[in-house]
Amino acid sequence: FSKINIKLTMKNRTLLALLLIATSTLFSQTEKEKVESTVDKNQIEGHIYFLADDVLKGRATGSAENKIAASYLANTLRGYGVLPNPKTGDYYQKVNLQKTTPPSQSAISINNNTYDKIAILEANPLDFKGNAINVGFGLESDYKGKELINKMIIIKAGNTESQDARTAFGLRNEKIELAIKHGVIGIIELINTTEETWAYIDHNFNAESLTVLSKEEKEVINDKFVYTWVFDEKGALGTELESISEVPVSLMMSAIKTTPVGSQNVIGVVEGTDPKLKNEYIIYSAHYDHVGIGRADKTGDTIYNGARDNAVGATTVLSMAENLAKYPTKRSALFILFTGEEKGLLGSKFYTENPVIPLHQMVYCFNSDNGGYNDTSLATIVGLERTTASQNIKDAATTFGLTAIDDPAPEQGLFDRSDNVHFAKKGIPAPTFSMGFTSFDGEVTKYYHQPGDEADTLDYDYLLKFFQAYVLSGRNIANDPNTPFWTAGDKYEEKGKELYKINKLKN
């Protein structure tokens, strides 16, 4: 009898050992398996095809179609079992905006020649006829020895190092402040660029614009000042005026019109599982708006569908939400889908000024935004090495056959061109997860802000790996016992220390 008991005991021990081995093997694979069980290629296609459908007319902020996209996102979160915005009890955050309609009439003549390609950066009613003073680049040194009170000035784009449109745009506020400081009533700036770039400028500056009025903003524009860009093809006009100190000019524009516009961010929450870490939140964010209807391409298409930018990003957040609703992580999750990114990062700006959960509980913002891709072996993370969570992301990408790289085009300033930057400015570590690109040109610019950015032009086998890598990255960060932070010396490190009120060190 006792021998039988011994045999049974030995058998049970063997079974227990095998069970422990099997459990250990299962545990080592479980995070990957959890991702694979929810991230589905057909579902990815369904989300992107809907958000980039012609019926949504490019999801322009403030439009009825933008609201339809928001409703789709909100009800998808509801269907996954994600909890609503804790402030409202639904899945929305109202974002109140102001729409500015540019002057209905404008005309400019320079040195007795009329120019019809102008962009109005600052508008007020004006009917000016007289001489404009040539003030070089319109920078501080160019004003020395000049009396310019109540004068119109004409300037060259950019500075001595660079005269391209991007540099001109970056210097616009400095040039405005200097002009007003010296009593100038208006600026005419000559922009030497390509037809393609000018079309983009025209679409952005001569179309209706939206703003969020902020108590933190300091207004520098007065109610009489005007600022216009003039398309100077091949720099011909700039060359003509180089030796002329006073240029005959007439400039007329009518008044702008302002009206209130309502839009919405989409918000959801999943609570974490760890009694302590659940008080820390990872934000999973993307913008869902695009640029709407604009100039026709060669095929006559006028709808800028925004499949890459940013139906893909919105779908990344949905993929994360579905996964975490089923398999919560130790840290809690806050999902935010922003409106108004294409109009100046408006939804994220509004959110950081009106958070639904205190910002100091937000330990990471894992943003997703895209222009396009040219390498399907990569995931490009803008700001990858700027936070201590970089290895979590690299490991996740490798798990699904991708390589995570940092921003290959720093000259584009991409970190500061997406919604993540408003969180970074508050001190929250905030990189942007993007489809793989090695340069911001060619195959990327072919689709970036173009009508051809359609759902049927995407590689969904690649996107499956891309979404899996994003979801696993988020899980890795949310389960890591070490709270993520900025790497030592980052420009936002001090802001982070101030926000979290502790002296965090590099993990």
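This passage walks through a predicted model of a single protein chain, from its overall make-up to a trio of packed helices and a few individual residues.

Starting with the whole chain, the model has 507 residues, and 52% of them are buried. The fold mixes both kinds of secondary structure, with 13 helices and 18 strands. Measured out along the principal axes, the C-alpha atoms take up a box of roughly 115 × 50 × 40 Å. Much of the contact map is long-range: of the contacts with a separation of 6 or more, 83% link residues 24 or more positions apart.

As for confidence, the average pLDDT over the protein chain is 92, and 91% of the residues reach at least 70. Two stretches deserve some caution. Over residues 20-28 the pLDDT stays under 50, and the model gives this stretch 1 contact beyond four places in sequence. Residues 215-220 also stay under 50, here with 7 contacts beyond four places in sequence.

Helix α8 is a handy place to begin with the details. This helix covers residues 307-326, and its 20 residues should span 28 Å at 1.5 Å a residue; the end C-alpha atoms sit 27 Å apart, so the expected and modelled spans agree. Most of α8 is covered up, with 18 of its 20 residues buried. There is also an oddity in its backbone. The peptide bond between D309 and N310 is cis, with omega at about 15°, and N310 belongs to α8.

Two other helices pack against α8, and they pack against each other as well. One of them is α2, residues 41-51, whose axis lies 9 Å from that of α8 at an angle of about 135°. That angle makes α2 oblique to α8. The crossing of this pair is right-handed. On the α2 side the contacts come from Q43, I44, H47, I48 and L51, which meet A307, A311, V312, A314, T315, L318 and E322 of α8.

The other partner is α3. The axes of α3 and α8 come within 9 Å and cross at roughly 20°. With an angle under 35 degrees counting as roughly parallel, α3 and α8 are therefore roughly parallel to each other. As with the previous pair, the handedness can be stated: α3 passes α8 in a right-handed crossing. Here L73, T76, L77 and Y80 of α3 touch A314, L318, A321, E322 and A325 of α8.

The third pairing brings α2 together with α3, residues 64-80, at an angle of about 155° and with the axes 10 Å apart. That puts α2 roughly antiparallel to α3. The contact set joins Q43, G46, H47, F50 and L51 in α2 to I68, A69, Y72, L73, T76 and Y80 in α3. Some side chains turn up in two of these interfaces. Q43, H47 and L51 of α2 are listed against both α8 and α3, while L73, T76 and Y80 of α3 are listed against both α2 and α8. On the α8 side, A314, L318 and E322 are shared between the contacts with α2 and those with α3.

A few single residues outside this trio are worth a look. N111 has a positive phi, near 55°, despite not being a glycine. N111 sits in the loop between β3 (106-110) and β4 (113-115). Its relative accessibility is 19%, and since the cut-off for buried is under 20%, N111 counts as buried. H449 likewise has a positive phi near 55° without being a glycine. This histidine is placed in the loop between β18 (432-435) and α12 (460-479), and at 9% relative accessibility H449 counts as buried.

P484 is another buried loop residue, with a relative accessible area of 3%. The loop in question runs between α12 and α13 (493-500). P484 also pairs up in space with a residue from elsewhere in the chain: S390 is 94 residues away in sequence, and the two C-alpha atoms are 9.2 Å apart.

E174, by contrast, is partly exposed, with a relative accessible area of 38%. This glutamate is part of helix α5, residues 172-181. Its C-alpha lies 7.8 Å from that of L139, a residue 35 positions away in sequence.

Key:
Residues numbered from 1 in each chain as written. Predicted model: local features only at pLDDT ≥ 70, side-chain atom pairs only at ≥ 80, totals over all residues. Heavy atoms only, no water. Helix = DSSP H or I, 4+ residues; strand = E, 2+ residues; numbered from the N terminus. Expected span 1.5 Å × (residues − 1). Buried < 20%, exposed > 50% of the residue type's maximum accessible area, 1.4 Å probe, protein only. pLDDT = per-residue confidence, 0-100. Contact = heavy atoms within 4.5 Å. Axes fitted to C-alpha atoms, helices over the stretch in contact; angles between N-to-C directions. Parallel < 35°, antiparallel > 145°, perpendicular 65-115°, else oblique. Left-handed = near helix turned anticlockwise from the far one by under 90°.
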